[in-house]
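Me: I would like to go through the terms used for this model one by one, with each label set against its cut-off. Please start wherever the reasoning is plainest.

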Amino acid sequence: MGLQLMMSKKAIKKCFAITVLSLLILCTEGERNNPSDPGGSNYQAPRINYIQPLDTTVIEGNSVKFKVSASNADYYQWKRGYGGYENVGVNSNYYSFTASSSHNNKSIWCIVSNEYGSDTSNRAYLTVLPNHDITVFYDGFSNDNNPNGWWISNLQSYIKTWISDGYYYIDYDNLGRTIGLLLHVSDLNLNGDFTVEISAEYMSGLTDSKFGLIFYASSDQQDYYRFGIENEKKYEIYKRYDGEWKALVNPKYNSAINSYLTNILKIIKVGNNTYFYINDILVAEEYISSIYGNRFGFFVSEQIQVRFDYIKITR
């Protein structure tokens, strides 16, 4: 009887161990199949992290890219629309395409998912600016005879201007002053949309002196706007009206500026909004309802020599 009892105790212990092991296995399987349980990142719904699609302004015909960052995402579904929407892109954390006018004012967002759930990104709004390709005015300074009548002078000690080798040079040595040289563009409809672009290169002089584009100037050249840069990688946008200056953008750092090299400055007018570009990088957008006239040109400030490669106006 004693031997039989000992064997029964062993059998009971073995049975208990098997039961506990089975229970442990069952609990583990239950945790694995419960997506709300925090035990392990492989079994959680996806979550979008710190990178979200951003509002973007782009010129028609250029590529645009949107991006998200997500954890535990197996699938990425990009959507694009206004009111309704369409599924776009591929199963990727970024979506890029060539912008057209039909994409203007569309919103872009992404839904990430896996078998346990999904998460939706912020909506980014896309502004597509027109690519103006009809030339209204162009001067590349290839003709030394100056057919457009830019001001040429070497008579004054503090200001010299000349055309040579395909450039318009301005050498200004007056301390504390700024000079602007403008042309009247009669064929431009100021009520329409258009683009003005110049190429400017610093040659010598004070490194913090400004130079750039004058636009929307009145016939007496007293009221106008100016968009300028300096070699310290700063740009500024000012308005002059009735003898008073107003800063639309105070001097501000931007890495798009090529110090001591050629820079392309461009404004794009769309309705009452003017967009400002440096070397094809959008740096500012301003609401400008007052256009004083259709004179455009260049300016340089104190003690600096700058040469301009071209000015181009398109619609």
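Reply: Arg80 has a relative accessible area of 11%, and buried means under 20% relative accessible area, exposed over 50% and partly exposed in between (1.4 Å probe, protein chains only), so Arg80 is called buried. This is a predicted model, in which local features need pLDDT of at least 70 and side-chain atom pairs count only at pLDDT 80 or more, while totals for chains, interfaces and linings use all residues. Residues are numbered from 1 along each chain as its sequence is written, and side-chain values use heavy atoms, with hydrogens and water left out.

Me: Why is Glu86 called partly exposed?

Reply: The relative accessible area of Glu86 is 36%, which lies between the two limits, and therefore Glu86 counts as partly exposed.

Me: What makes the pair of Glu86 and Arg80 a salt bridge?

Reply: A salt bridge is a side-chain nitrogen of Lys or Arg within 4 Å of a carboxyl oxygen of Asp or Glu. For the side chains of Glu86 and Arg80 the N to O distance is 2.9 Å, so the pair meets the rule. By this rule the count comes to 6 salt bridges.

Me: Why does the pair of Lys266 and Glu197 count as a salt bridge, and what parts does the pair tie together?

Reply: The closest N and O atoms of Lys266 and Glu197 are 3.9 Å apart, and the limit is 4 Å, so this pair also qualifies. Lys266 lies in strand E20 (residues 262–270) and Glu197 in strand E15 (residues 194–205), so the salt bridge ties together parts that are 69 residues apart in sequence; strands (E, at least two residues) are DSSP runs, numbered from the N terminus. Glu197 and Lys266 are also linked with Asp280 in a network of salt bridges.

Me: How do you know that Glu197 is buried, and which side chain does a polar contact join to Glu197?

Reply: Glu197 has 12% relative accessibility, and therefore counts as buried. Its side chain is joined to that of Tyr310 by a polar contact of 2.4 Å, the term being a pair of N or O atoms within 3.5 Å, where within protein one must be able to donate a hydrogen and the other to accept it, and residues adjacent in sequence count only if both atoms are side-chain atoms.

Me: Which parts does the salt bridge of Glu236 and Arg226 tie together?

Reply: The side chains of Glu236 and Arg226 meet at 3.0 Å, N to O. Glu236 lies in strand E18 (residues 234–241) and Arg226 in strand E17 (residues 224–230), so the pair ties together parts that are 10 residues apart in sequence.

Terms used: Helix = DSSP H or I, 4+ residues; strand = E, 2+ residues; numbered from the N terminus.
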